[in-house]
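Open the model in a viewer and keep the sequence panel visible. The stops below are given in the order in which to select them.

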Amino acid sequence: MSPGADPFRRGGWWTDAAARRRQGPEGESRAIRIRDLLVLLPGDRLGGAEAHTLRLCDAAAAAGVAVTLAAEGRLHAGLVGAGRRLLDLPVAWRRGLPEAARAAQAGATRAALEAARPDAALLPLPWPDRGGGAMEALAAAGTPTLVVAHLAPHGAEEASGVDEGAIAAARALRAEWVAVSAPTAARAARVLGLPEGRIATIPNGVDPAPPPDRPALRAALRDALGVAPGTPVALFVGRLDEAKGADRLPALAEAFARRTSGVLACAGQGSLDDTLWRATPEEGHPLRLLGQTASPAALMAGADALVMPSRLEGAPLTFLEAAGLGLPVAASHEALEALGGEASRLAAVADAEDLGAMADALASCLEPAAAARTAAAGALAAGWDAAAMSARYLSRLRRLAAPPPGTPLLGAPLLGAPPGG
Amino acid sequence: MNLRADPDHLPRLLGGGPMVVVAEGVMDPSPMAAPALGVWVAAVRGGATLLHPAGTRAPAPRGTVPVQAPPPGTLALVAPERLRVAALARWWAEASGGPAPPFILAATGLAALPDLVALLAGALAEARSGGAAPSPPAARPETAPLAPPPEPVDSAPPRPLDAGPPPLPAAPDAVAPADTAPPAPPLPEEPAPPTPVAPTTLPDAAWAAGRVLEGPADPVALGDEVPRVLLRARAGGRAILLLPEVEGGDGDGLRVVLSGGTGAGAAVAAWLRPAGTAPADAAALDRPVPGSAWTGWRDLPEGEVELLLPLPPGTAGGAGVAVGLRAGADDAAVEIGEERPARAAAPPAAVPVPPPPAAPERALPVVAPPEPPPASTPAVAPPEPAPAPEPTPAALPPGLEAFLRPAPAPAYQTPTIASPPAPVAAPVPTRTAPTNMPPPRTRARYETVRLTQHLAGESYSHMDLTVASLAAGPTRWAAVRVKLALKDGEPRLEFRQAGGWPHVFRDWLGRASDKFGPFLRIALPELRDLLASITDERDAAMMQALLSILPRATEDACRLAGLSVAETTDWVEKARLLADEGVRAGD
């Protein structure tokens, strides 16, 4: 090829002469590649952590990585997708004695490793104590692993599945550790006995939402709730459990109604389903339970405010989605912990234990003064791009391809060594 | 080049309709698709490049036929790396005798849109102004033609000569030295370089053939992607990679993009050495030679960082380029290459970026000053940059403008949003006062009452109630639980330290305990003394607030317990006795 025909010479600079001699026609060199990725799902349900994981699977598959997912068979229906191979294995963490659970999960993980023969593994942890057995088997096999902590408790006693064996496995694992928020990273490291700072943070991202047909969705939501067209509607979206503060919703709905004559629509299901149904027996209670909904975005576009009275959150994806849609948010300090000191600039933040304060915050979302917060939150959400997030995870995965630091390979890289050395 | 397609697709492919060709690996190209714009995917299979419409599977190679001529309606080639379409562009230029379509660097369809729209707008403007050629103009380095156009052409030059430099994409870290970076050592004078036109990025893959001067540097890749080099350094250590013989050079700057950096206190740097002076080892990099340049050690941010090396003349014969990572107190690592989807954060190509308010003396860290200072500028740079002047587009040479453009913050850094106007309004008023809120002059208020238990007996009865959101002025208690009891008709209050009882007393005055734990029981005659004995101000305020709302809270509790009007009246009167005692104690 003559230099003139080289398309990259246009800019004046192209490449190292030696590079071209070494590279094949496709620009290949002696790179270490991750071609096969094993993804282990230790959760027993399909939630936010699993959705996040599937996104990473797709990003890896788009780069040409063969992805194998190991999960309980009953979860498979929600995991099917192009470029994903599924293995039906009992990798979900069993409750009970940590030692027995660890052994069972390690066995399932060994079977997955045998079947997939991966170059690297991806282990999402919906709770820090769900992966002890997987870590044990992965460490024993020497499989480099990207571990992603999605949520972590304030106290180690709430992660009772972590025993000494799990802590030893976490230490032995050759891993890139990532959490979805800085507080989650710190707490997960504490629970798993990892050094402070060992778990890095990659904030979650959201896809930019197309502009919704707001008037139509507003009308549809009020119609579905059986309230008058102008009725203020606050919205809760999420799992109905105590971590999300769902137990606070009945009183909060009443307090919101006292202030605004509005209602609080609640989309989601969980362990508090029955409790909430019992708490709102009478017709016309301002808490309206909608159950699981297919399109939270449509609800958000039709509502006046989002409320997040959580006690524990990893990355506040619901907040980002609402922010992207221009929906004002009232939240507990814990819900927006990941945003640090910025939170009160982006949302009406209150102590969710204090019913009146939380209701005041929620009602304040209907005031014109909320617009500045909502605009700031929208700008934030625009910057937390899901594609950029995936790229950062892939960078971590790529890093696992390099020889492990601390081995004799360190300092003896694949690339050409210094002359005479 | 073996370009092939399904024979059924050839009419559409060669029909001249507007289209873009997207390399496999660009995630979700669908945002580019439009009824009038076709999106075709170039998939490499077994040595052939297969063109097929986006959204369809790549055809089996054996069912395809060669595409003899470049699809004429192609507006752009889109790929996450130039190398992905290098062979295609080369073939294109040779087969058509003209330039290949502009290249758009994008990892997703969405990220390609700004450049694509700019191309279309350029083509439209050209058509309106009578330009005959359908070729769309290039907008910026990422959209520069992959192949050189033939010598002077009438139509569609890659960039109008008088148009100044194209706007650069987001430059997260402009070349101005970091405050913490050591200055470049002085060296013998060199002739000023010609005005840089636009910096060029070395293909990521070029680095995979580099020579390690220090520390580990490994080419790594996922799946089929082009490998990128990972530099790693132990705490306090370094990793430096050298490309000793970079070819070419026409006065443009050279850009090195690094991403995925980690490690507190880490820094990165790039060096340039003229041909023949490539360093034999890392120590040689510390000994500058005439014509050499370096960026200084720059703090490594978490996301993408860009190092720009201006190129003095005389480097046309080739040069050595090195890039280094220096770890701080933690182990550090960084990839050579872009964080691909971050393109979305780049300014739209059509929007001219005003020059930064940079003082000229914040010079490039190049050994030879690239441009003599303006006549009015003191020969010795002042220690502090002058206050930001008004943007003066003509003040900087075009190339310098590109170099000195301030960097937009990477998109993922959360605290970078501009502050919204500070709220000037008074505290937000609630829309309607809650029905059970006291009049504004009342000192205390509460949100609601929850009844845990109503026990009714002959000589003893109680209401175990929780007052939610008790407030006195700005002081608040999220919840206060109290048992209001009647013992032989005499009211008394009971507080406990136990599960389910919110912690409200900062200074616990209870001295008694039973099988349920410590408790504080206050009969009516003891109330005034107890109130007087409270030394903690917050505790005292809580008691006063609770007593003042007790009659109304008791009424609420009676309603929740379903008591009759007569019973309710009795309870409220007993509560009022306690409240009145509280008022007297406060007098």
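Select A:Leu264 and show its surroundings in this predicted model. Neighbours within four places in sequence aside, A:Leu264 is in contact with A:Ala234, A:Phe236, A:Leu249, A:Leu252, A:Ala253 and A:Phe256, among others. The list also includes A:Pro286, A:Leu287, A:Arg288 and A:Val307.

Next, add A:Leu235, A:Ala305, A:Val329 and A:Ala330 to the selection. Together with A:Leu264, these are the residues that touch the most other members of the largest nonpolar core, a set of 269 residues. For the largest share of this core, go to chain B and select residues 537-561: this is helix H7 of chain B, and 10 residues of the core come from it.

Now show chain A as a cartoon. Chain A holds 15 helices and 15 strands. Of its 421 residues, 56% are buried. Among contacts in chain A with a separation of 6 or more, 70% are between residues 24 or more positions apart.

Select residues 98-116 of chain A, which form helix H3. How far apart are the end C-alpha atoms of this helix? They are 26 Å apart, in agreement with the 27 Å that 19 residues should span at 1.5 Å a residue. Colour the buried residues of H3(A): A:Pro98, A:Ala101, A:Arg102, A:Gln105, A:Ala106, A:Ala108, A:Thr109, A:Ala112, A:Leu113 and A:Ala116. To see what covers them, display strands S3 (36-40), S4 (66-71) and S5 (84-88) of chain A, along with helices H4 (132-141) and H5 (164-172) of chain A; the cover includes these elements. Then step to A:Arg117, just after H3(A), where phi is positive at about 45 degrees.

Move on to helix H7 of chain A, residues 214-225. Its 12 residues should span 16 Å at 1.5 Å a residue, and the end C-alpha atoms are indeed 16 Å apart. A:Gly226, just after H7(A), has a positive phi of about 70 degrees.

Finish in chain B with an open sheet of 7 strands. Reading across, the order is S5-S1-S4-S3-S2-S6-S7, and the pairing is mixed. Which strands stand at the edges? They are S5 (65-66) and S7 (103-105) of chain B; each has a single partner strand, so one side of each lacks a neighbour in the sheet. Within the sheet, select S1 (residues 3-5) and S4 (residues 48-53) of chain B, which run parallel and are joined by 3 bridges. Label B:Leu3 and B:Thr49 there: B:Leu3 stands opposite B:Thr49 in S4(B).

Definitions and conventions. Residues are numbered from 1 along each chain as its sequence is written. Chains are lettered from A and ligands numbered from 1 in the order in which they are written. This is a predicted model: local features need pLDDT of at least 70, side-chain atom pairs count only at pLDDT 80 or more; totals for chains, interfaces and linings use all residues. Helices (H or I, at least four residues) and strands (E, at least two) are DSSP runs, numbered from the N terminus. The expected span of a helix is 1.5 Å times one less than its number of residues. Two strands pair if DSSP finds at least two bridges between them. A residue is buried if 20 or more other C-beta atoms lie within 10 Å of its own, exposed if 12 or fewer, and partly exposed in between; C-beta atoms are placed from the backbone. Two residues are in contact if their C-beta atoms, placed from the backbone, lie within 7 Å. A nonpolar core is a set of buried Ala, Val, Leu, Ile, Met, Phe, Trp, Tyr and Cys residues joined through C-beta atoms within 7 Å.
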